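Me: Please take a close look at how the strands of this model are arranged into sheets, and at what is packed together around them. A connected account would be appreciated.

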Amino acid sequence: LSLHDALPICEYSVEELAFRKALFLTEASDPRLRTVFNVQQASIEISSYSPTASGEARWTLHASARLRQRQPNERANYLEIEAISQSCTARTSREEFYQQSQQMGFQYGPAFQAIQHVDTGTGVAIGQLHVPSSVETDLSNYAFHPALLDAAFQVLLSAARTAGGSTAEHTAIPYLPVSVDRIQIFRHPDQHMQAYARLIKADKR
């Protein structure tokens with residue numbers, strides 16, 4: 001039984017999500033993934049195991065989080081997207097965005113290229129998302145498809161670029177999220193969506 005089937009995910013929020021160590025996949029790697037859900041502590045841990053030459057069993061923790069049940073009257077905060085968009089002074093096309101992402105070392109396959117364009121201002125970005133055709137038939141298997149969640153994170157890259165300048169050196173700096181305070185899903189995704197990112201702080205760590 002999957003966690004998706006065991007819990008009505010739209011009634012829960014994911015909190016204290018920490019990305020502890022990246023999982024690098026090479027042509028020679030064949031890692032086993034394990035998701036552990038502790039009901040008593042409402043915690044989740046995602047680990048991987050790669051066989052060693054000695055046969056030693058060694059699991060590596062990659063991410064951890066906690067689940068919190070939402071209150072019945074809990075609603076999403078309303079954003080004045082139209083007002084926010086008026087502060088945006090530049091637009092990055094789909095082609096430009098993924099070219100810049102490639103320069104930063106991110107190579108997104110077709111399923112992860114949901115961004116159509118991104119409007120940016122100082123420290124803010126609004127991305128227009130469209131569900132890629134390659135994941136349409138898979139949407140019903142998720143409360144919110146991982147490729148679309150990843151696309152929302154991609155918009156944050158644009159916000160980080162605007163805050164640090166437009167030099168070639170800065171544009172090439174890769175930014176990755178290391179933690180997320182809370183993720184809440186209020187409904188299933190639509191074909192067309194907007195992702196809003198506001199940069200509060202960024203450094204080179």
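Reply: In this predicted model, one open sheet is built from 5 strands in the order 2-3-4-1-8, with antiparallel pairing. Its edges are formed by strand 2 (32-38) and strand 8 (179-184), each of which pairs on one side only. From one strand to the next, the twist averages 20°. Within this sheet, strand 1 (residues 12-19) and strand 4 (residues 59-69) run antiparallel and are joined by 6 bridges. A18 has S64 of strand 4 standing opposite.

Another open sheet contains 4 strands, in the order 5-6-7-9, and the pairing is again antiparallel. Strand 5 (90-93) and strand 9 (192-198) each have a single partner strand, so one side of each is left without a neighbour in the sheet. Here, too, the twist averages 20° from one strand to the next. As a general point, the strands of a sheet pair through backbone hydrogen bonds, in either a parallel or an antiparallel manner.

The pairing at the strand 5 edge can be described in detail. Strand 5 pairs with strand 6 (residues 115-121) in the antiparallel sense, over 4 bridges. In this pairing R91 stands opposite D119 in strand 6. Helix 3 (residues 94-103) packs on the sheet and touches both strand 5 and strand 6. The direction of helix 3 makes about 80° with that of strand 5.

The packing of nonpolar residues completes the description. In soluble globular proteins, nonpolar side chains tend to be buried together. The largest nonpolar core of this model has 24 residues, of which I115, L129, L148, V155 and L157 touch the most other members. Two or more residues of this core come from each of helix 3, strand 6, strand 7 (124-130), helix 4 (146-164) and strand 9. Helix 4 gives the most, with 7 residues.

L129 shows which parts of the chain meet in this region. Leaving aside residues up to four places away in sequence, L129 touches A114 and I115, then L148, A151, A152 and V155, and also Q191, H192, M193 and A195. I115 and L148 are thus contacts of L129, and they also belong, with L129 itself, to the core residues that touch the most other members.

A second core, separate from the one just described, has 5 residues, among them I81, I84, V124 and I126.

Technical notes:
Residues are numbered from 1 along each chain as its sequence is written. This is a predicted model: local features need pLDDT of at least 70, side-chain atom pairs count only at pLDDT 80 or more; totals for chains, interfaces and linings use all residues. Side-chain values use heavy atoms; hydrogens and water are left out. Two strands pair if DSSP finds at least two bridges between them. Axes are lines fitted to C-alpha atoms, for helices over the stretch in contact, and angles run from 0 to 180 degrees between N-to-C directions. Contact means heavy atoms within 4.5 Å. A nonpolar core is a set of buried Ala, Val, Leu, Ile, Met, Phe, Trp, Tyr and Cys residues joined through side-chain atoms within 4.5 Å. Buried means under 20% relative accessible area, exposed over 50%, partly exposed in between (1.4 Å probe, protein chains only).
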